[in-house]
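Biologist: Before we talk about helices and empty spaces, could you put the model in front of us?

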Amino acid sequence: MVHGRGNERAAIGAVIDRARAGHGGALVLRGLPGVGKTMLLDEVARSAEDVRLLRTQGVESESPLAFAALHRLLRPVLSYADRLPEPQSLALKTAFGQVASAGVDRFLIFLAVLSLLAEAAEDGPIVAVIDDAQWLDDVSAAALLFAARRLNAERVALFFAARDGDERRFESEDLPRIVLAGIDDDAAARLLREQAGTPVSPEVLAELVRRTGGNPLALVELASSLTPGQFAGADALPARLPLTAGVERAFLDRWRRLPGPARTWLLVAATDDAGELAIVRRAAAALGAGEEALDSVEESGLLRVADGKLLLRHPLVRSAVYGASTRSQRREVHLALANVLAGAEETDRRVWHLAAAAEDHDPAVAAELDLVGQRARGRGGHEAASSAWERAAELSPASGTKARFLYEAAGSAWLAGQAGRARRLSDAALDLASDAGLRADAVRRRARIEWNTGSLQQGHHMILEGAREVAPADPVRAREMAMFAAALASFGGGSGHDISPLSVAAPPDITASAREQCFWKLLVGLHQMASGDLERGAPVLREAVATGAALDEADQDLLPNLGIAAIQVGDDEASLRFHNLLLARARGTGAMIMVLYSLTRRSLTELATGNWAAARTGASEALQLAGGIGQPGLSAFPLAQLTLLDALQDDGGFDRHLAAAEDIASSHPLGIVTGTVHDLLHWAKAVREPEGAAFHALSRLQLPFMRRSAALDCLEAGIRAGQLEDAAARMSDLERFAAATGNAWPAAAALHGRALLAGGSAADELYRAALQAHTGSLRLFDRARTQLAYGSFLRRERRRVDARTQLETALETFAELGARRWEERAHQELRASGKTARRRDPSAAVVLTPQERQVAALVRQGLSNRDAAAQLFLSPRTIDFHLRNVYAKLGISTRAELMRQNPAVLPV
């Protein structure tokens, strides 16, 4: 029975009530050992009679086993897996070892977990209870946190209990939480009377609560260790009372008082990670501990048996008994357990027990751990795979084998989001690797970790040195690595290394594949562009873009770099094409990180081309995905894009998004997007600043492609600030860029700038030429700005009728984009020309949230709720929730009516 905790029980009850009503949620209970987290979860289990209860518990010794805790939790509802979309169903079955697969994206598994819970909840509310969350295997924890962050319209409540102060920590800071302190005096008095069966004097009660901090487990242990006289105040209390560490000592004292066979039996139970009576009984018997030993253990109260499962008195029993045993005792127990785990489904557990028993080099066990790693990686359990390969390296005597295992361990750690661990393992692999190919691959991975989570310049230096080292043995690897160095330099990541990427990689033979030829063109073009040689670099990159368009769309090394090339040469159409291909494939395979990557890169081009509704939708989705996978550093890029959009549209979210982006940029490494993020934020501030300050902010833009994207702002701010030399230099750069790339938009921007500086007929001709150039460009906002500038010029020249034509067209574009400050300028110019345009009523506009737009756009493509959910990493019930909001806002009620809506309102 739980004593006290009225507020906590009310909070738990509220989460369950909301789940019953179709508003899912999660709650984390945190606190020191013994403070009552498990008792509160037990209370949840007892009180939630009208819901389906799912339970699991983290087990310390089970942490290397991928999806172990998650499988226990979901086993009662796995029959619903057949209702999931086939890719999700297959992913979940692969994770649980029910089917074999060559590999599956871990986030597709996580999405399947969310979908499974939502599907099961259609037949009744679900309450899932996860105790000792700090000891969950890493991938189970990641999957459950992913689901918890996305609960919305599902009838699901998730409760976690996690211990504070433990070596392992359950990282759940973004979820609602309750930190449990000790219970109050009244609750403590009831608990002691219940446990001790004797009155407790008020003075003794106050002293016990003070000295135990109101810790319920410590108070329960006191009930069996103090005398009635001590409770009554007649006898003195002992000098030391069982606080948290003391409770563990108390359990240990009970264990030590047991007969030798009983101590062995309990050690086997503490070492086992599954709590299966049959397994522990056989292993204990092999060590000479039989049924009498089990009886003694049960009589001690440290363990009980229920339905063939072993239940320890408290998790502290496990850590106390295992920690107090000698190394040789633990080895014997691990070997005994390994010997009784004979079934194929127990292979991984058996191997881990063998690994725990091994002390010196053991190539045979290392080989088995290699297979464990391969199986875990194939199921998406990258944390477990990494642990297996790291232990395999420890048990391997040969340095080459050690290096290979460490390389594999680093790769899985990186895929699991464990950047620091991946860095350490990569360094260890490089220290041992002698094979040229393995060293090159290890350098590439180490450099990738560095340019994503550390220093962009250091990553550039690493990959370039690695390319030079491997070039004599493997020119293909060298070319690819040198291309990555060139790509980094094009984003401001040059390390100042005196080695040119072109000097470490030879051009491919004329008979080489189109893929190799494309990599070479990317290398040459990106290097020359980064070096400022537009005239030679841009044509080569355009060739690469054209060549790449015919290659394999699934090439995850080539396709993203083709997208980079398209951005660098300002080819908006190619950039959208490549990033749409990446996005479609990533959505189809459930590759969430690649979805996030594609959305942010595509949004850059959508910002430039004026498709701001789609850019905001994509950036908002990317921000949600970054938050959902627990990697805040990935939030900076979409936050910066949203900040610029807020500035351009005078949206109220500007200050909030700017503050969040700057906070993340100052506290997390941003890697390759560092320069882009800072440039976006400078640009956004410039849009909001007065004229002089705007020029200062825009002068801080570092990346050439960002300076050119912001060309009109830079030119107008420079001319207004009297910085004519700066404006002239920018126009010259735009003209060079236009000539080198063949793009119309930089030519239009340069003509726009020259028109601002000219007068009379010269200005008129320049504006007309600029507008003619704009006809070959996708950049609608820039065109409208030129129309506004030209209309203003014509109005000043007293050509009012001609001015109105330009101003009205510009006004229409600004209104569609939501570019309020430019819309207001167009209104002012029209009034000055003698005509007043009718203003749109903002209250009459349909305002859909970014996620509602995304849902509506997918439904308009003909996707079902289930398919749209898979694309957006949400549950079908959440999609239905958003779709109903869309219907209400648009005043419609069917999919057919939605299909007839204006696509401009619902961008795809």
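Biologist: Which helices each supply at least two residues of the lining of the largest cavity?

Modeller: This is a predicted model, and what follows is computed from it. The largest cavity has a volume of about 200 Å³, and several helices contribute to its lining. Those that each supply at least two residues are α28 (558–568), α29 (572–589), α30 (592–609), α34 (674–688) and α36 (704–709).

Biologist: Of the residues that line the largest cavity, which are the closest to its centre?

Modeller: The lining consists of 20 residues, and by class these are 12 nonpolar, five polar and three charged. The closest to the centre of the largest cavity are Leu 604, Ala 608, Phe 705, Ser 709 and Arg 779.

Biologist: How many cavities of 30 Å³ or more does a search of the whole structure find?

Modeller: Rolling a probe the size of a water molecule over the atoms shows where empty space is left. Applied to the whole structure, with a lower limit of 30 Å³, the search gives a count of five cavities.

Biologist: What is the volume of the second largest cavity, and which elements give two or more residues to its lining?

Modeller: The second largest cavity has a volume of about 120 Å³. Of the 15 residues that line this cavity, the closest to its centre are Leu 607, Trp 683, Ser 709, Phe 781 and Asp 782, and by class the lining has 10 nonpolar, one polar and four charged residues. The elements that give two or more residues to the lining are α30, α32 (636–649), α37 (711–720) and α41 (780–796).

Biologist: Turning to helix packing, are α39 and α40 roughly parallel or roughly antiparallel?

Modeller: Helix α39 (residues 744–757) and helix α40 (residues 760–774) pack with their axes 8 Å apart, at an angle of about 165°. Because angles over 145 degrees count as roughly antiparallel, the pair α39 and α40 is roughly antiparallel.

Biologist: How many nonpolar residues does the contact of α39 with α40 have?

Modeller: On the α39 side, the contact involves Ala 744, Ala 748, Leu 751, His 752, Arg 754, Ala 755 and Leu 756. These meet Ala 763, Leu 766, Tyr 767, Ala 769, Ala 770, Ala 773 and His 774 in α40. Besides two polar residues and one charged residue, the contact has a nonpolar count of 11.

Biologist: Why do α22 and α24 count as roughly parallel to each other?

Modeller: Helix α22 (residues 436–453) and helix α24 (residues 475–490) have axes 11 Å apart, and their crossing is left-handed. Angles under 35 degrees count as roughly parallel, and α22 and α24 are therefore roughly parallel to each other, since they pack at an angle of about 15°.

Biologist: Which residues in α24 do those of α22 meet?

Modeller: By class, the contact of α22 with α24 has six nonpolar, one polar and five charged residues. From α22 come Gly 437, Ala 440, Asp 441, Val 443, Arg 444, Arg 448 and Trp 451. In α24 they meet Arg 477, Glu 480, Met 481, Phe 484 and Leu 488.

Biologist: Is the crossing of α18 and α20 left-handed or right-handed?

Modeller: The axes of helix α18 (residues 363–378) and helix α20 (residues 399–415) come within 12 Å and cross at roughly 25°, which means that α18 is roughly parallel to α20. The crossing of α18 and α20 is left-handed.

Key:
Residues are numbered from 1 along each chain as its sequence is written. This is a predicted model: local features need pLDDT of at least 70, side-chain atom pairs count only at pLDDT 80 or more; totals for chains, interfaces and linings use all residues. Side-chain values use heavy atoms; hydrogens and water are left out. Axes are lines fitted to C-alpha atoms, for helices over the stretch in contact, and angles run from 0 to 180 degrees between N-to-C directions. Helices (H or I, at least four residues) and strands (E, at least two) are DSSP runs, numbered from the N terminus. Angles under 35 degrees count as roughly parallel, over 145 as roughly antiparallel, 65 to 115 as roughly perpendicular and the rest as oblique. A crossing is left-handed if the near helix is turned anticlockwise from the far one by less than a right angle, and right-handed if clockwise. On a 1 Å grid over the protein atoms alone, a cavity is a set of points where a 1.4 Å probe fits but cannot get out, and a pocket is an open set with protein on both sides within 12 Å along at least five of seven lines; lining residues have an atom within 4 Å of a point. Grid points are joined across faces, edges and corners, and a volume is the space filled by probe spheres set on the points. Ala, Val, Leu, Ile, Met, Phe, Trp, Tyr, Cys and Pro count as nonpolar, Asp, Glu, Lys and Arg as charged, and the others, Gly among them, as polar. Contact means heavy atoms within 4.5 Å.
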